[in-house]
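The following paragraphs lead through one protein chain, from a helix and the sheet beside it to the nonpolar cores. Please keep the sequence and the model in view while reading.

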Amino acid sequence: MREPDDLAAIADQAASAALAARGATAETIAALPDWLEQVERISLSAIAALLASSGALPAEGPPRRAEAIAAGLGAASRHGWLVHRWLAALIRRGWLSRSAEGGLGWIAPPAHFGIDPAGLDPAYHALGFPPTMATAHRAALECLGALVRDDITLQHLLFRDGDVLAALAAYQDNLFTAALNAAAAALAARLPRSRLLELGGGAGLTTAAALRALAGSAASYRFTDVSRLFTVAAERRFAGTPGLICTPLNIDEDFTAQGVAPDSVDIVLAGNVLHNARDLGATLGWIHRSLTPDGWLILTDSIRETDAILTSMQFLLSPPQGGPPPGGRDRRPCGQAFLDATGWADQLAAADFTLCLARPDPASPLATAGQCLLLAQSSR
C-alpha cells in the first residue's frame with residue numbers, strides 16, 4: 001500500500017493538471033476566494049432585503065425570534081430549517097445580532113441591502129461555472145420569497161427547459177469540483193482495484209473523470225443513482241466502456257437488499273452525494289459492509305455551508321411536507337446538511353473507517369468553497 005504522502009502527491013498532481021487544462025493560472029486560483037465572496041455577499045444581501053421588505057424583520061422595532069421571522073415570510077414548514085440557516089449566516093456576517101432572550105435584530109441598516117444580480121456573471125465565470133449557473137442563481141434570488149413560501153420550486157427554475165442533466169451538470173461543473181474529481185479519479189486508478197461502485201453518479205462528471213483515469217483497467221464499474229433518469233443517461237453516455245453496469249441504488253436503503261453483496265467491492269466512489277443521506281451513519285455502514293477487507297471509500301462533499309447555496313441549491317435538500325429536516329439522525333446537528341472536517345473524521349471512525357487523506361490543503365484557495373476529498377480505508 002502506498003504511504004499517505006504518496007497518495008497526497010497523486011491527488012495534488014491530478015488536481016493541478018485538471019485546473020491547468022481549464023486554463024487556470026496561479027493568479028486566477030489565488031483570486032477564487034474573492035470571487036466566491038462576491039457571490040456570497042450578493043446572496044446574503046438578497047436574504048436581508050427580503051427580510052426587511054417583507055416586514056418579517058423590520059429595520060426598527062424589538063428583536064424577533066426565528067419562528068416569528070419564518071412566519072412573517074410565510075415560509076413553508078418544510079423550508080423552516082433553511083430560514084434558520086439564513087439567520088445563522090446573517091449573524092456570522094455581522095448583520096444580525098441575537099439578544100439575551102434569543103430575539104434577532106439588525107446591526108447594519110437594512111436600507112443598504114439589495115440584490116446586485118449583475119455581479120453574478122463575472123464571479124461565476126471566474127469560478128469556472130458555465131453561464132447558465134449565473135442565470136439560474138439570478139432567477140432564484142429574484143424569486144426568493146416565492147421559493148421560501150413554496151409558491152414555486154427550485155426545480156421549476158432549474159429544469160424549466162426539461163433538461164435535468166444539463167442543469168445539474170452546470171451546478172457541478174466548476175474549478176473546485178474539477179480539481180476534486182480529477183484527484184478522486186487518480187486515486188481510484190492508483191489504488192488496488194478491480195470492482196468499483198459509484199454512488200449518486202448523477203450527471204456523470206465524477207464518472208467521466210474516473211473512467212478516463214481507469215482506462216478500462218477495472219474488471220467492473222457499477223454506476224448507480226437513485227433515479228433511473230441518470231442511470232439510463234449514463235448507460236448511453238458511457239456505452240461501450242468495458243465492465244460498466246448502470247443500476248438504480250438508494251443510499252438510504254440496505255445495499256445488500258439492492259443487489260450489492262457484502263465484501264464484493266474494492267472501491268466505493270461517492271461524489272458530492274453522501275450529504276443527501278437521511279442517516280449518514282447507516283449509509284456508511286452499508287458502504288463498509290459492501291467493501292472487501294481493506295477496501296477504500298473515496299468521497300467528495302461539502303464540509304461547510306457556503307452562503308451562496310443558501311439561496312439556491314439548499315432548497316433541494318428541504319424534505320417533503322411533514323418530513324424531517326437534514327441532519328439529526330447522525331452526527332450532523334438537526335437542520336444542518338453538512339459535516340465539518342472534524343465531524344467527517346468522527347463519523348468515518350464510528351463506521352470503522354480509517355481516514356487516510358483529506359484534500360485540498362486548508363491553506364489553499366481551493367479550500368474556500370468548503371468542498372473536500374476524503375480517502376478512507378475499511379478497518380477490519
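Helix α11 lies across β3 (195–199), β6 (265–271), β7 (291–302), β8 and β9, and runs at about 20 degrees to β9. Contact here means heavy atoms within 4.5 Å; axes are lines fitted to C-alpha atoms, for helices over the stretch in contact, and angles run from 0 to 180 degrees between N-to-C directions. Helices (H or I, at least four residues) and strands (E, at least two) are DSSP runs numbered from the N terminus. The model is predicted: local features need pLDDT of at least 70, and side-chain atom pairs count only at pLDDT 80 or more, whereas totals for chains, interfaces and linings use all residues. Residues are numbered from 1 along each chain as its sequence is written, and side-chain values use heavy atoms, with hydrogens and water left out.

Helix α11 itself comprises residues 175–190, 16 in number, and reaches 23 Å from its first C-alpha to its last, close to the 22 Å expected at 1.5 Å a residue. The expected span is 1.5 Å times one less than the number of residues in the helix. At the N-terminal end of α11, N174 acts as a cap, with a side-chain oxygen 3.0 Å from the backbone nitrogen of F176. This is a polar contact (a pair of N or O atoms within 3.5 Å; within protein, one must be able to donate a hydrogen and the other to accept it, and residues adjacent in sequence count only if both atoms are side-chain atoms). Of the 16 residues of α11, 15 are buried, and the helix is thus mostly covered. Buried means under 20% relative accessible area, exposed over 50%, and partly exposed in between (1.4 Å probe, protein chains only). R190 belongs to α11 and is partly exposed, with a relative accessible area of 44%. Its C-alpha atom is separated by 49 Å from that of A66, 124 residues away along the chain.

The sheet can be described next. It is open, has 7 strands in the order β5-β4-β3-β6-β7-β9-β8, and shows mixed pairing. Because β5 (244–248) and β8 (353–359) stand at the edges with a single partner strand each, one side of each is left without a neighbour in the sheet. Neighbouring strands of this sheet are turned by 20 degrees against each other on average, direction ignored. Two strands pair if DSSP finds at least two bridges between them.

How many bridges join β3 to β6, and in which sense do they pair? There are 4 bridges, and the pairing is parallel. β3 also pairs with β4 in the parallel sense over 4 bridges. E198 stands opposite F223 in β4, and its bridge partner in β6 is L269. Strand β4 (residues 220–225) is mostly covered, with 5 of its 6 residues buried. In β6, 7 of the 7 residues are buried, so this strand is largely enclosed by the rest of the structure.

β6 and β7 are parallel as well, paired over 6 bridges, and V268 has L297 in β7 as its bridge partner. T292 is found in β7 and is buried, with a relative accessible area of 12%. Apart from its neighbours within four places in sequence, T292 is in contact with R195, D263, S264, V265, D266, S378 and R380. Towards the β8 edge, 6 bridges join β8 to β9 (residues 371–378), and these two strands run antiparallel. R359 stands opposite L373 in β9.

The nonpolar cores remain. A nonpolar core is a set of buried Ala, Val, Leu, Ile, Met, Phe, Trp, Tyr and Cys residues joined through side-chain atoms within 4.5 Å. The largest core has 68 residues, and those with the most contacts inside it are L51, L73, W86, L87, L90, L154 and F315. Helix α3 (residues 32–54) supplies the largest share of this core, 10 residues. L51 touches A56, L57, I69, L73, L87, L90 and W106, not counting residues up to four places away in sequence. A second, separate core of 36 residues includes A208, L211, I267 and L373.

The 23 residues of α3 should span 33 Å at 1.5 Å a residue, and the end C-alpha atoms are 33 Å apart, in agreement. I42 lies in α3 and is buried, with a relative accessible area of 7%. The C-alpha atoms of I42 and F113 are separated by 9.1 Å, although these residues are 71 residues apart along the chain. Just after α3, G55 takes a positive phi of about 85 degrees.
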